[in-house]
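Dear colleague,

Please find below the structure that I promised to pass on. My notes on it follow, arranged by region.

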Amino acid sequence: MTDTETPRRPDGTSRDDVRGEVDAALRADVSFLGSLLGRVLTEAGGPELLADVEALRAAVIGAYEGDTDEVARARARDLVESLDHERAEQVARAFTCYFHLSNLAEEHHRVRVLTRRGSGPDSLPAAVERLVDELGADEASRRLAELRFQPVFTAHPTEARRRAVASTIRRISDLLAERDISANEVTGAETQRRLLEEIDTLWRTSPLRTTRPTPLDEVRTAMNVFDQTLFEVVPTVYRLLDDRLQGDGAGREPVRAPAFMRLSSWIGGDRDGNPHVTAEVTRAAAEIASEHVLIGLQRATTRIGSTLTLDEADTPGDEGLVALAEQQRQLEPDVASRIGIRSPNESHRRVLLFVAARLEATRLGQEPLAYGRPDELLDDLRTVQRSLRAAGADRAANGELQNLVWQVETFGFHLAELEVRQHSQVHRNALEEARAGGELSPTTVEVLEVFRVVAELQQRFGRQAASRYIVSFTQSSADLANVVELAELALGSAEAAPVLDVIPLFETFADLEASTRILEEALQTEPVQRRLAANGRRLEVMLGYSDSSKDVGPVSASFALYDAQARIAEWAERNGIVLTLFHGRGGSMGRGGGPAHEAVRAQPPGSVEGRFKITEQGEVILAHYGNKTIAARHIEQMAAATLQASSPATAARNAAAAERFAPLASAMDAASKEAFFGLVKADGFAQWFATVTPMEEVGLLALGSRPARRGLSVESLEDLRAIPWVFAWTQARINLAGWYGLGSALAAVGDVELLREAYASWPLFTTMIKNVELSFAKTDDHIAREYLGLAERTDLADRVLAEMALTREWVLRVSGHAEVLEGRPVLKRSVRLRSPYVDALSLLQLRALRGIRRAVEKDPADADHRLLLLTVNGIAAGLQNTG
């Protein structure tokens with residue numbers, strides 16, 4: 001698959017002009033990988049397959065370039081219809097493979113750019129320097145010491161691509177990196193041969209899962225990210241900050257950078273609507289995570305200990321090290337003796353290798369050698385550090401050994417705090433049963449067993465391993481008290497019950513509006529008062545972005561979430577509470593997605609205060625943490641934004657803007673809500689939505705362990721999860737969940753100068769407009785019309801298309817851009833270059849949908865369903881988004 005000359009667009013530019021602006025290295029990588037894919041297609045399916053792929057490619061490019069060329073679009077549709085089922089599947093798979101390779105090349109190029117660029121104005125050291133200028137060195141140091149960035153890994157929406165496909169792509173990525181440094185013709189040829197082998201494997205690997213992954217499959221997928229990137233990347237980010245803080249003293253002085261990141265996970269703990277997550281799964285998830293982190297710590301300790309070959313004559317151990325060595329000898333004489341034989345005059349090495357042996361024993365559960373708590377390990381490591389410093393070996397104390405200390409501080413023995421989530425109604429039902437006496441239902445037995453498992457995990461791995469319990473759809477203070485009562489019932493007493501920080505989750509529009517009232521009521525209850533007294537008056541509150549957007553539309557949801565945060569922050573300050581707001585954001589625009597570091601800086605005053613917790617969902621985990629360089633950049637950006645959001649200058653700016661533009665927000669809220677309700681509350685909307693999008697068919701994909709619906713059919717949107725709601729609109733190239741109602745809202749205000757002033761000075765509004773621009777970049781009017789034409793409801797279709805046109809018009813007027821993403825040229829080029837190829841898959845999907853809609857009997861195993869599911873994978877890869 002290669003690029004060819006194409007005609008001019010109506011705006012005077014051509015695809016070749018856009019391509020010419022792309023960095024030459026990226027262009028070369030995409031062209032190279034595309035040519036290899038072409039060879040593989042020819043070898044696998046003959047020249048005819050490649051010819052069909054190229055013909056469709058040329059047709060969709062022609063249709064894309066000629067905005068008003070109906071002949072070109074008809075040619076592309078006719079070509080798609082002419083393919084037999086087998087060839088249509090092959091063509092869909094070919095375009096999907098191309099997108100996987102293109103995405104890989106773009107990631108590779110981003111790493112290349114980040115490596116060359118170095119630190120920028122949004123770096124963590126730069127954020128610290130600005131705090132010093134604003135607040136002075138002492139206050140800046142205090143805030144830095146209290147900094148906390150806490151990503152929470154969740155399994156939904158899981159990637160549309162299989163793990164086998166992801167693994168092959170990762171191997172291709174490694175080979176592409178090798179190709180950059182191939183020294184000669186021989187190694188270059190070998191790398192190309194191996195690339196062809198892996199691309200052939202990618203082509204021959206079925207993109208569709210035959211079975212749904214289990215929750216523990218999802219846990220193991222997340223563990224791959226930890227093993228491959230996070231364990232090493234986290235201390236790298238700390239080191240980057242410390243090097244800037246220390247200057248010439250870096251490596252010689254004790255570190256000043258704190259271990260500011262903590263990792264949490266819902267994978268194996270989130271049972272809201274997922275019957276496959278049981279108490280036993282939660283136990284197993286924690287054990288798997290502990291196994292991985294202990295292996296990582298053991299290997300790192302062994303590696304560092306093996307290189308700590310400092311002779312006692314020059315670097316003697318101090319009294320603390322001598323005492324520790326004697327404790328080790330008494331604990332396990334044989335182990336100490338065996339290590340001593342290999343390191344007779346290297347006391348620091350001997351002690352650290354014994355620490356590695358204790359970590360192995362901890363992993364295997366071998367008493368008495370095993371550590372009881374990570375604090376015991378930290379004590380040993382710091383004893384070694386103090387001894388090295390006393391002997392003048394400051395660099396050995398503050399180097400790799402400090403990285404290990406940071407890793408223990410960040411990950412402990414549990415790796416990620418396993419957070420439990422359950423629906424408030426489940427708790428109510430279980431408590432009603434338990435209070436009534438008699439035989440308990442299996443559901444209630446399972447609810448109670450979860451608390452026993454949490455207590456067990458706290459005893460084994462420490463309280464920090466599992467103490468947060470999230471209550472979905474919190475609607476009263478009783479919903480929080482119910483959790484504490486159930487825990488005490490499960491364990492028999494308050495003393496035996498696990499220590500729990502019960503976290504309300506406000507996710508619907510109504511719940512957001514009632515949030516401070518519920519919190520105020522909760523503050524008067526004995527369980528909450530007791531917990532606040534024990535934990536330094538710390539409270540966590542979670543805000544859901546998905547359901548509120550589905551309730552009232554993206555515009556009103558954005559304002560409601562901002563207002564709720566402002567009210568909760570004010571309530572917390574008034575009551576002397578140290579607040580952490582937990583943001584349940586998804587990867588897509590309709591689920592609170594977009595550049596998260598920009599969103600952090602747009603938060604209300606007092607709502608961040610140096611602490612930011614956010615969900616990282618499914619495909620976003622690999623996008624943010626799958627590559628070491630990109631992961632380091634993401635963590636640094638998020639930490640820097642968290643510091644900046646807490647500065648007085650940022651708080652003052654956001655407060656002034658919110659007050660200045662409150663009337664504007666009110667007008668937009670009313671108009672957007674009216675437009676959104678006019679669509680989703682129209683008679684027959686739910687059935688129409690299911691017809692014009694592949695919503696129901698997406699449910700056939702084995703994407704994740706959690707069901708797509710909360711038990712009800714598409715007759716009602718009430719219990720449709722936000723993920724398929726967003727995913728289906730994305731697949732239809734409409735992206736309605738990310739923008740609908742904004743055009744009506746902006747038009748209702750009507751004052752372009754006022755709106756431009758808000759765009760320039762109100763971060764919340766700026767972020768909203770930028771995110772909608774990004775959402776629009778992935779829509780296509782012509783393709784959208786084809787999907788909307790699948791149902792005979794021109795009234796609803798016309799309403800959607802009119803709002804789409806109105807929103808695009810007003811977004812461009814407000815931003816001052818001639819076209820979407822004008823201010824983000826790199827992203828604009830990327831979207832433009834891939835959009836025609838996505839069109840090809842959309843046309844194939846439309847063919848499949850028409851066949852399915854015409855069929856009298858629905859057979860999920862027929863050729864049309866298979867083709868549709870193949871295109872779902874490809875479009876998700878092309879748009880780099882599922883939901």
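**Helix H3 and its surroundings**

In this predicted model, the buried residues of H3 (under 20% relative accessible area with a 1.4 Å probe, protein chains only, where exposed means over 50% and partly exposed lies in between) are Ala72, Arg73, Ala76, Leu79 and Val80. Seen down the helix axis, these residues fall within an arc of 125° (taken from the directions from the axis to the C-beta atoms), so they line one face of H3. They pack against helix H2 (24-65), helix H37 (781-788) and helix H39 (825-854), contact meaning heavy atoms within 4.5 Å. The face turned away from the buried side carries the exposed residues Val71, Asp78 and Ser82. The helix has 13 residues (70-82) and should span 18 Å at 1.5 Å a residue (multiplied by one less than the number of residues), which agrees with the 18 Å between its end C-alpha atoms.

Helices (H or I, at least four residues) and strands (E, at least two) are DSSP runs, numbered from the N terminus. Residues are numbered from 1 along each chain as its sequence is written. Local features need pLDDT of at least 70 and side-chain atom pairs count only at pLDDT 80 or more, while totals for chains, interfaces and linings use all residues, and side-chain values use heavy atoms, with hydrogens and water left out.

**The sheet**

Nine strands, paired in parallel, form an open sheet in the order E3-E2-E1-E9-E8-E7-E6-E5-E4, where pairing requires at least two DSSP bridges between two strands. Strand E3 (417-418) and strand E4 (420-423) stand at the edges with a single partner strand each, so one side of each has no neighbour in the sheet.

Strand E7 (residues 538-544) is joined to E6 (residues 501-506) by two bridges, in which Leu505 is partnered by Met542 and Phe506 by Leu543. Seven bridges join E7 to the parallel strand E8 (residues 578-584), and one of the pairs is Gly544 with Gly584. Six of the seven residues of E7 are buried, so this strand is largely enclosed by the rest of the structure.

**Confidence**

The chain averages a pLDDT (the predictor's confidence in each residue, from 0 to 100) of 89, and 91% of the residues score at least 70. Mean confidence is lowest in helix H1 (residues 15-21), at 43, and highest in helix H16 (residues 400-411), at 98. Where pLDDT is low, the predicted coordinates should not be read in detail.

With best wishes
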